[in-house]
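Let us walk through this structure step by step, beginning with its strands and then turning to its interior.

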Amino acid sequence: MEVDNSEYDDAQLYNAVKRAPQRLPTRPNDIYVTRSTHFDAQFARAQKLLDSGYSEICLHGLGASINRAINLALQLQQQYMAPLVLSTTTSTVELTDDLQPKAKNVASKSQTRSNSAVHIKVEKLRS
């Protein structure tokens, strides 16, 4: 039985550099939730958008930030003065990594991988 060691060989020969995910054109009421931005700042921004006249905002979370996006939507629903409705969709996003060679005689290459994403529409109910 033959064993495929190509992934192991890649780890030995290359350093993986992750590219930033491709973003669709951003609307003013879109919030891309990240783990690096403080949760309170993301919550304040979402609340400010809802208070400034937007009837809906969209929260987008990718990979490890999915939990934070869900938590943000639930916190908004719980603490916002007006009733909010949440609509959630999921998707899979293709990401590209550049593989930079550790040795000079090895060619650089790239690889694609899939990552999960969540999109939550937070909508104010009309009175």
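Two strands are said to pair if DSSP finds at least two bridges between them, and the helices (H or I, at least four residues) and strands (E, at least two) are themselves DSSP runs, numbered from the N terminus. The model is predicted, so that local features need pLDDT of at least 70 and side-chain atom pairs count only at pLDDT 80 or more, while totals for chains, interfaces and linings use all residues. Residues are numbered from 1 along each chain as its sequence is written, and side-chain values use heavy atoms, with hydrogens and water left out.

Strand 4 (residues 84-101) pairs with strand 5 (residues 109-124) in the antiparallel sense over 16 bridges, and here L86 stands opposite V122 of strand 5. Strand 4 also pairs, again in the antiparallel sense, with strand 1 (residues 14-18) over five bridges, where V17 faces D98 of strand 4 as its opposite residue.

V122 leads on to the interior, since it is, with I57, L59 and L76, among the residues that touch the most other members of the largest nonpolar core, which has 19 residues; such a core is a set of buried Ala, Val, Leu, Ile, Met, Phe, Trp, Tyr and Cys residues joined through side-chain atoms within 4.5 Å. At least two residues of this core come from each of strand 2 (30-33), helix 2, strand 3 (56-62), helix 3 (66-79) and strand 5.

Helix 2 (residues 39-51) also holds Q42, which is buried (under 20% relative accessible area, measured against a 1.4 Å probe, protein chains only), with a value of 5%.

Methods
Buried means under 20% relative accessible area, exposed over 50%, partly exposed in between (1.4 Å probe, protein chains only).
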